[in-house]
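Student: Could you give me a close look at a single part of this one, the loops on either side of a strand? Take your time over it.

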Amino acid sequence: MFGHLVTTRLARDILERFLADGTVTCEEIKPNEEEGTRHALSAAYTDAVAHACIRSDAPLDEPTSEPETKYQWSWPKFPTTPINENKLVAFLNNIADDALSCARSILHDDSLQPRNRFAAPVDKNHAVPLSYEPDGEDMRPDFMVLPLAAFSDDEEPEVKEAYVNFTAILLAGESKSARNAREGLIQVQRYMRGIKRAQPWLRFATGMTVGKDFVALLRGDCSGLERIELSLTDGRGCIEFIRIILGIVLADKKAFGHSPDIEIKERNVSVDIPEIRSAVTLRTGPNFMTSGSTSQSAIPPTFSEYGSNPGTPYSAPSDLPRVDQPSGTSSTGSKSGTTSTGSKRGPDDDMIQGKRSKRRKRTVALRAFVPVRVHGRQCIGILFTSGSIRGRGTTVYVVVGAEDDDQAAVLKKLSEHKPHPNVIIPSKLFDPTTKDSGVDSTLGSIRALLNEEMQQLKVENRILTATISELWRPVAYFWSPHDFVRGVIGALLGHQYLCEIGILHRDISENNIVLSLCRGGLGALIDFDMAIKEILASLIQPSSPLLEDDKPYKAQRTGTTPYMSIGVLRGESHTHFDDIESFLYVLVLFFLSYKGPLQKEALKRAQVQGFTQPLGAGRLPHVTSWPDMFERWASGSHQEISNCKAGDLNAVSHVTFMQRSYPHIRSRWQPSSPSTAPALADLILDCWMIFSLHDLKVAHNQFIEVLQEWLKQYAGDEDNYVYPFDD
């Protein structure tokens, strides 16, 4: 990751100086024994070069031989007392400062200047602000990397507390014993997800786990997670550790994933942060400073994919394999048959051990980093950002000054037809490119893989695209249940229009439906990232396979997991009937995702702000977690999810399904209006029945008719809600 900044040879020479001054020791080398030092360094350097990703001096498949002597390396000043974050950070900064001093001397280059430093959280009792996580998340890294502007100019730099927030963090870290390495790796990925949510302009997020005798560096992009594990007891690990620490200090923001197409500036902001209770189980296990274990077998070599749907954080795999090699690398891709654990609305609830107190909060003044220009256009704010690391990584910015341009693929076909009022067509679609690799993609631009390597690696290659479209209202800002139902009707009409002109959307989800800005208006359908041109015959024969376009990669299954149809989950051809079935799941899950609408004042403020996310506000207060019975729609394998849905969606069990669902609907909507819960139960039951009675093959008009009939029957109930917007 930092190879362009610190070469293996330079790190080897720095290690030699560290050996001379006692920063590093090697048990097999006797004092003042130059020959032993030379052999130890040679073995370490040979091992490091042999394990490089691409070698210039040897074939890729050349086997490496074991050194005749097993050298045991150590870092005497590595903290050995009970875990202390400040001491760990001081050690990392001292290593970075000493390595930088050596590099200047070796390269005869005094222009080398640090850009970043390690820091520990100033506040030990509260979560680090601006992670956009709900209450219950333990979002306080043990250490982090911040830009140099976040530190004082003193001889011993002190971190400025205002910069300790997730919009400023370049790297988040966790310290654990080797025995608890799995927990450390899981926790640091939570921090990485927090970085991505707070800084959606990042092309990837970076994290680090430090143990008693190992270091793991993680990088997560839309294609998955990469990780390198280093043992601090072998020479190769010591060389790579120096490369990483020095590279972190020298790296610019681009090396940490910042997109050059998005301009970021600092802004003052004041936020309230809840206290983390002291009983945080994830931090109470044996720490690496006191643990007697030196085994590395607990370090997992790979991770499954995380975060399948927008707004959903990742969750950990149920079992992680073990590794007994002292150092190694791994790359994680996608598995089309599985999805992440955890719901769209309740991230990591089953893994959270530390709980925040809702009563004790602290107000802090921060220096936050916010986007001001996106691809050359003034940015007003962020409308939506994905909550996952892997995936499409959709981020929606509110910008001004959009102009028309050529359409591409699906959008070109749309432009050949009369515009439809319920389809939001982007007015511009383009593929940002990089100077070095052409198309901006995860495997090419970020991981720097060759074309042959991309073809061999079973990992999705995510290509960056950007679209511009008209601003409508996100569904989270509905003002009544009827408002949302009208939104679904509009989206269904838009989807019907797409099918008529031969386009299949393939990604029906809550986030791809928007509401009208006018009272009583219908909603619309957005996001054509997964859309394809469908042969018209497939509208008559839904079982026929769809034509694939010529994009470099297409997932075997398309859509957002909780909303996927039963057939798509089972790997069958994706037809327009599957999209209509997805609308059903959107409708059901919506009324289990919210506790009624926001207050009138909050909705009016949201309209004034262009419905952008308030900086540091976290998730909206009316958002709630899914019940366990619906949590199953977002967890497990695709086969398990399809079986779960099929078991509920049939003519025999649909009444039982509603009996189990109604208590959850009532608890969420009864406070808003006593008559709403029974009305919603009738709506969901009617919709559920038409799908169960028609073997899931429901036409647009059939679905729309049920929704319109409900609006007519329960029109009076909408009088219990107040329309808040200025038309």
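Tutor: Sure, and the element names first: helices (H or I, at least four residues) and strands (E, at least two) are DSSP runs, numbered from the N terminus. Residues are numbered from 1 along each chain as its sequence is written. This is a predicted model, where local features need pLDDT of at least 70, side-chain atom pairs count only at pLDDT 80 or more, and totals for chains, interfaces and linings use all residues, while side-chain values use heavy atoms and leave out hydrogens and water.

Let's start with Asn125, which sits in the loop between β3 (116–119) and β4. Asn125 counts as partly exposed because its relative accessibility is 45% (buried is under 20% relative accessible area, exposed over 50%, partly exposed in between; 1.4 Å probe, protein chains only). Asn125 and Arg140 are 15 residues apart in sequence, with their C-alpha atoms 8.8 Å apart in space.

Now hop over β4 itself, residues 143–147, into the loop that runs on to β5 (171–175), where you'll find Glu158. Glu158 has company: Asp153, Asp154, Glu155 and Glu156 gather with Glu158 in a surface patch of negative charge. Patch residues have over 30% relative accessible area and no salt bridge, with like charges joined within 9 Å and nonpolar side chains (Val, Leu, Ile, Met, Phe, Trp, Tyr) within 5 Å. A salt bridge is a side-chain nitrogen of Lys or Arg within 4 Å of a carboxyl oxygen of Asp or Glu, and the structure holds 14 of them.

Terms used: Accessible areas come from the Shrake-Rupley method with a 1.4 Å probe; for residues, only the protein chains shown count as cover. Lys and Arg count as positive and Asp and Glu as negative; His and the chain ends are not counted. The place of a charge is taken as NZ of Lys, CZ of Arg, CG of Asp or CD of Glu.
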